[in-house]
Amino acid sequence: MLPNLFEVCAPREEVLGGDLDSADFAADLAMVLKGQAPEEYQNPVSFFRNT
């Protein structure tokens with residue numbers, strides 16, 4: 001039997017501590033297209049590591 005999601009993934013500390021701002025997940029796609037968004041949205045490796 002395969003392990004479930006909670007057995008293979010550990011939430012990040014800010015998730016566990018309730019320190020997340022939902023705005024952190026609201027990328028302004030126009031800014032991304034213009035190359036003016038924060039680095040975590042411009043860099044795919046960084047983006048997918050965080051999400």
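Start by selecting arginine 12, which is partly exposed, with a relative accessible area of 36%. Keep in mind as you click around that this is a predicted model.

**Stop 1: arginine 12 and its partner**

Where along the chain are you? Arginine 12 sits in the loop between α1 and α2 (13–16). Now add glutamate 14 to your selection: arginine 12 makes a salt bridge with glutamate 14, and the closest N and O atoms are 2.1 Å apart. How many salt bridges does a search of the whole structure find? Just one, so you're looking at it, as N and O within 4 Å is what counts. Glutamate 14 has 24% relative accessibility, so this residue counts as partly exposed, because that label covers values between 20% and 50%.

Before you leave, select asparagine 50 as well. Arginine 12 and asparagine 50 are 38 residues apart along the chain, yet 9.0 Å separates their C-alpha atoms.

**Stop 2: asparagine 4**

Next, go to asparagine 4, in the segment before α1. Is asparagine 4 buried, exposed or partly exposed? With a relative accessibility of 39%, asparagine 4 counts as partly exposed. Follow the side chain of asparagine 4 and you'll come to the backbone nitrogen of phenylalanine 6, at 2.8 Å.

Now try a pair with another kind of spacing: select asparagine 4 together with lysine 34. These two are 30 residues apart along the chain, and their C-alpha atoms are separated by 39 Å.

**Stop 3: a nonpolar patch**

Select Leu5, Phe6 and Val8 and switch on the surface. Together they make a nonpolar surface patch of about 380 Å². Zoom in on valine 8, which belongs to helix α1 (residues 5–8). Valine 8 reaches 54% relative accessibility and so counts as exposed, since the cut-off for that word is over 50%.

**Stop 4: the aromatic rings**

Time for some rings. A search of the whole structure turns up two aromatic pairs. For one of them, select tyrosine 41 and phenylalanine 47: the ring centres are 6.2 Å apart and the planes meet at 45°, so this pair is tilted. Add phenylalanine 48 for the other pair. Phenylalanine 47 and phenylalanine 48 are edge-to-face, with 5.1 Å from centre to centre and 85° between the planes.

Why two numbers each time? A pair of aromatic rings is described by the distance of the centres and the angle of the planes.

Show all three residues at once: ring pairs link Tyr41, Phe47 and Phe48 into a cluster. Which of these labels fits each member: buried, partly exposed or exposed? Tyrosine 41 is buried, at a relative accessible area of 17%. Phenylalanine 47 is partly exposed, at 28%. Phenylalanine 48, at 62% relative accessibility, counts as exposed.

**Last stop: colour by confidence**

Finally, colour the chain by pLDDT. The protein chain has a mean pLDDT of 84, and 92% of its residues reach 70 or more. Where is confidence highest, and where is it lowest? Select helix α3 (residues 29–34) for the highest, at a mean of 91, then α2 for the lowest, at 81.

Note on methods
Residues numbered from 1 in each chain as written. Predicted model: local features only at pLDDT ≥ 70, side-chain atom pairs only at ≥ 80, totals over all residues. Heavy atoms only, no water. Phe/Tyr/Trp six-rings, centres within 6.5 Å; stacked < 30°, edge-to-face > 60°. Buried < 20%, exposed > 50% of the residue type's maximum accessible area, 1.4 Å probe, protein only. Salt bridge = Lys/Arg side-chain N within 4 Å of Asp/Glu carboxyl O. Patch = residues over 30% accessible without salt bridge, like charges linked within 9 Å, V, L, I, M, F, W, Y side chains within 5 Å. Areas by Shrake-Rupley, 256 points an atom, 1.4 Å probe, with all protein chains shown as cover. Helix = DSSP H or I, 4+ residues; strand = E, 2+ residues; numbered from the N terminus. pLDDT = per-residue confidence, 0-100. Polar contact = N/O pair within 3.5 Å; in protein donor to acceptor, adjacent residues only side chain to side chain.
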